[in-house]
Amino acid sequence: MSTGAATRPSADLPPGREALLTVRGLRVAFPTAAGGQMVAVDGVDLTLGRSEILGVVGESGSGKSLTALSLLRMVPPPGTTNGTVTFDGRDLLSLSGRELRTVRGARIAMVFQNPLAALNPVIRVGDQLVEAMLTHGRYTAAQARTRARELLELVGIPDAGARLRDFPHQFSGGMRQRIVIAMAVSNDPEVIIADEPTTALDVTIQAQVLDLLVKINRELGTAIVLISHNLGVVARACDRLLVMYGGRIVEQGTTADVFANPRHPYTRALLAAVPRLDSPPGGLTAIPGQPASISDRPAVGCRFAPRCAHADDRCRADEPPQAELPDRHLVACWKPEAATAAGAVDGAALTTAGTGTPLLELRDVSKEFRAGRLVGWRGRGTVSAVDSVSLTLGRAETLGLVGESGCGKSTLARLAMGIDQPTRGTVHFDGVDVTAPGARRAAGLHRKAQIVFQDPKASLNPWMTAGELVGEPLRVQRISSGRDRDELVGQALERVGLRSADASRYPGEFSGGQLQRIAIARALVLDPSLVVCDEPVSALDVSIQAQVVNLLSELQNTLGLSYLFVAHDLAVVRAVSHRVAVMYLGRIVELAPAEQLYAEPLHPYTAALISAAPVPDPVVERTRKYVTLPGDLPSPLRPPPGCRFHTRCPIGPTARPGRDICRTASPPLRQQAPGRFAACHFAGELHRIGVDPAPSTSTEVGG
């Protein structure tokens, strides 16, 4: 039996802040086939103050989203919700359906992670905004139509009046998220619950959406519950922070205090696992084991004990109560003074990249696609997804490839793999021009080059066992059979940290991190020389992400692999890459050794990307000078003339009148220093005028 049923301390809010929403004893459970219950959220207590931004963080399965859904009684059946959620003197969990509808959307609004799923695809955006207002009767039809335009202007949608007539699919991902936020604020709610609102967005658009939420909070006084697995996001925006693990809150306090002095071993480990722009390249710090899922949490004791290096018999037997420490931290741990990140294992530093003849060389490669009638555009045209790109990848080297969605990263990766043929230019693998007829098979590219995709759930057949998935490339290439093949599969699984016995299990029986390990084992079973990693960790929790990144580094060191590492997370790219290439609208705009590029970016686009990436340090986040980019990436169907970045450039002709060369002449990728290349007429100027896109943190986490 648990002994942690202690009375909840009262120090939820800082002195002087009034409570707006109070949650006590929240419990969400789902029935099992055996007649029992699986408890997903277990005894959560929290308080949201007026006009504050409250952050909620934790790994997948910790109960963050279910906690958010339960506040408005939106837990999907057959789940049940118990406890109290007090808002304006009423318990929302005891209201009738009719009474609850006067609260949902009107006084408490929700912003979901996937805006395309949250918007009706067959109803115009303006009609959806108007409907949200008319439903609650606060506005007449004419007033709602006028306010809909004002809301789009508030969230930064250009040409708001005309865009009201467009459908959701005619907007970019960032704009769709802005529309969902506009819908959330349409009835002037007192509370907005934002569940992972920036997860699927590019770093530049993420920064814009986050700044918008902060603006709404500051100007309208709207309280916000911000749920995120990105600790940099909560560092930038949140006043207070709750850390969840295994369905419970294990620590809470002001954001600055939790980051500066985390008291729970899980919080320390979570912060230590975050890749940082201000850290030297090398392996990440990983939390061993897997997050506690709803079905295999410890029945007694601390739920983090199986992964905690400081756990003892007491931790395994008794649930720690949540206690208030002298610095007003609330922490549920028997050992809040533990001095190190619990169970952290440092990853190996990057070794020096191989030299000599490049393994992969792209020479003036272009890839064009014929575009049909695209939504939002009239007529037909040619999309230049990759435009005159030249790159080399050395043996045992990792080349990071970054840029916003639509810049051509994945197309370039497919060209490197030989999946797509270039429209112009050549691709050389191990000295052979593999674009020549029949050369790809002669060079063995189909065996020596493999790919790991972003989402293992989508790339792995759910009806095949792990052994069948890993062994399929051997079968296709007719390599070994019977017991010999089974032995090779077992070796591949063990190489990525799984057991050979796992070969009989199906994908649905593995966690996300384990599935990605299976995908890596499948890529390695043919002993390739090149592995293309296309966003391999973006769908993973920060702790599991660190495990996979360290695994890739270890495999590179032992097997001599070369990686083309495609990602939008600049901190992860820094941790794994020897060199980094930055793409914008199909072209490479900067190429440099990783440490040099992050310390002193020469292209303003690179500086903007690094600046937009949140740093997990509240003090730094709220004091550093940002490079902001207006608008979204232009359409590759009609790229701007001259420098393709000039329409958004902070040192271009819009910001510096007279620089017409940016509008008329496309800058070539020139060598600016040994090993450093940039395609900019004014390379390095942004750094020289005092903008520091990647500052050092002001405090040492956990120091």
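**Cysteines and strand S22**

User: Quick one on Cys238. Buried or exposed?

Analyst: Cys238 is buried, with a relative accessible area of 0%. Keep in mind that this is a predicted model.

User: How many disulfides turn up in the whole structure?

Analyst: Zero, after a search of the whole structure. Take Cys308: it is in no disulfide. The nearest cysteine sulfur belongs to Cys315 and is 6.5 Å away. The cut-off for a disulfide is within 2.5 Å.

User: And Cys308, buried or exposed?

Analyst: Cys308 is buried, at a relative accessible area of 15%. The cut-off for buried is under 20%.

User: Switching topic. How many residues of strand S22 are buried?

Analyst: Five of its five. S22 covers residues 562–566 and is mostly covered.

User: Which of them point which way?

Analyst: Ser562, Leu564 and Val566 point one way from S22. Tyr563 and Phe565 point the other way. All are buried.

User: Why the split?

Analyst: In a regular strand, side chains alternate between the two faces of the sheet.

User: Which strand does S22 pair with over four bridges?

Analyst: That is S17, residues 398–402, and the pairing is parallel. Leu401 stands opposite Val566 in S22.

User: What about S21, how many bridges join it to S22?

Analyst: Five bridges. S21 spans residues 530–534, and the two strands run parallel.

User: Which residue stands opposite Leu564 there?

Analyst: Val532 stands opposite Leu564 in S22. Leu564 is one of the buried residues, pointing the way Ser562 and Val566 do.

Notes
Residues numbered from 1 in each chain as written. Predicted model: local features only at pLDDT ≥ 70, side-chain atom pairs only at ≥ 80, totals over all residues. Heavy atoms only, no water. Buried < 20%, exposed > 50% of the residue type's maximum accessible area, 1.4 Å probe, protein only. Pairing = 2+ DSSP bridges.
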